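Dear colleague,

I am handing over a structure that you have not yet worked with. Please have it open beside this message as you read.

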Amino acid sequence: MESNTGNGKAVCVTGASGFVASWLVKLLLLRGYTVKATVRDPTDPKKIEHLLELEGAKERLHLIRANLLEEGSFDYAVEGCEGVFHTASPVSIDVKDPQTELVDPAVKGTLNVLKSCAKSPSVKRVVLTSSMAAVLYSGKPKTPEVIVDETWFSDPEFCYESESWSGYALSKILAEEAAWKFVKENNIDMVTINPGGVIGPLLQPTLNTSSIAVIILFNGAKTFPNFTLPSVHVKDTANAHIQAFEIPSASGRYCLVESVKHYAEIVKILHDMYPKLQLPDKCADDKPFASTFQVSKEKVKTLGIEFIPFEVGLREIVESFKEKKFVDF
């Protein structure tokens with residue numbers, strides 16, 4: 001049983017039905033917090049059933065309808081809360097119009113949540129879920145001896161020019177930038193957590209984008225991407241958020257990456273785990289393999305995070321896929 005640090009204190013989690021947010025709600029309830037959780041549609045069973053089943057949910061979970069693009073829609077959710085965990089952000093790789101589908105909701109949504117926090121005197125700290133996407137894309141070289149840390153910021157210009165430009169990366173960069181500017185001007189205490197690709201067991205019944213990073217290797221895939229994946233376990237991610245709220249000296253940004261692996265290595269690990277499984281054996285292009293790099297764990301260790309190994313999270317996410325029938329083997 002987790003320690004009862006929450007003691008009934010109220011906190012808000014935005015976008016509560018997501019992968020990381022669902023775990024965050026679960027761990028906050030276990031710690032004794034009262035959780036005001038926002039979802040776009042509190043009547044959609046796919047979005048809320050798994051939350052209502054969590055231990056402590058009957059007593060201390062309140063589901064609240066809120067929409068990122070509606071100014072003021074988070075006022076009630078953050079009212080009376082000491083901590084606000086802003087995890088809601090559209091995550092999708094397959095979009096027609098990145099500006100409208102990803103960038104606007106991420107940036108405007110973050111500012112709408114922060115505006116609500118600025119109105120609420122109870123809020124002591126905001127913990128923003130950012131991403132390694134807001135850290136890694138600056139054109140700086142990344143090689144096995146390079147150590148990326150919290151002082152790295154992605155460059156939006158670089159993302160616009162880069163052929164691997166994804167609206168997702170840009171949405172995370174611009175949302176974090178806008179957030180830092182707003183909290184400075186409005187004297188709000190904010191910490192950001194910048195996780196890599198999140199793996200581990202799914203609580204929600206639907207596939208989320210970071211799961212897709214793994215599932216693309218299944219169901220008859222012929223090739224694997226020429227890409228390196230910085231990854232972290234979902235429990236470590238949720239715990240880092242809670243520690244960032246609870247530890248008074250926590251400040252600034254925290255990179256959260258257990259390891260960085262090329263897809264070729266991930267396929268090899270999966271082969272060892274599931275020898276009978278048909279997995280792609282060739283890379284999607286003939287270019288040299290994208291280089292791995294290191295991510296500093298110095299700062300995040302001050303939050304007391306002892307990383308769960310990649311292999312554990314990988315096996316758990318695959319077992320989750322099997323259980324939810326997303327993969328067939």
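Below is what was found, beginning with one helix and going on to the salt bridges.

Please keep in mind that this is a predicted model. In helix H11, which spans residues 263-273, the buried residues are Tyr263, Ile266, Val267, Ile269, Leu270 and Met273. These residues lie on the same side of H11, because they cover an arc of only 160° around the axis. Among the elements that cover them are helix H9 (209-215), strand E10 (228-233) and helix H13 (310-323), while on the other side of H11 Lys268 and Asp272 are exposed.

Those two exposed residues also meet each other, since the side chains of Asp272 and Lys268 form a salt bridge at 3.4 Å, N to O. Both lie in helix H11, four residues apart, which is about one turn of the helix, and Asp272 has a relative accessible area of 55%.

The structure holds nine salt bridges, and two others link distant parts of the chain. Lys115 pairs with Glu71, with the closest N and O atoms 3.6 Å apart; Lys115 is in helix H5 (residues 98-119), whereas Glu71 is in the loop between strand E3 (61-65) and helix H4 (75-78), 44 residues apart. Lys115 counts as partly exposed at 29% relative accessibility, and Glu71 is exposed at 56%.

The side chains of Lys119 and Asp75 form a salt bridge at 2.9 Å, N to O, and this pair joins helix H5 to helix H4 across 44 residues. Here Lys119 is exposed, with a relative accessible area of 52%, and Asp75 is partly exposed at 26%.

With best regards

Terms used:
Residues are numbered from 1 along each chain as its sequence is written. This is a predicted model: local features need pLDDT of at least 70, side-chain atom pairs count only at pLDDT 80 or more; totals for chains, interfaces and linings use all residues. Side-chain values use heavy atoms; hydrogens and water are left out. Buried means under 20% relative accessible area, exposed over 50%, partly exposed in between (1.4 Å probe, protein chains only). The arc is that of the directions from the helix axis to the C-beta atoms. Contact means heavy atoms within 4.5 Å. A salt bridge is a side-chain nitrogen of Lys or Arg within 4 Å of a carboxyl oxygen of Asp or Glu.
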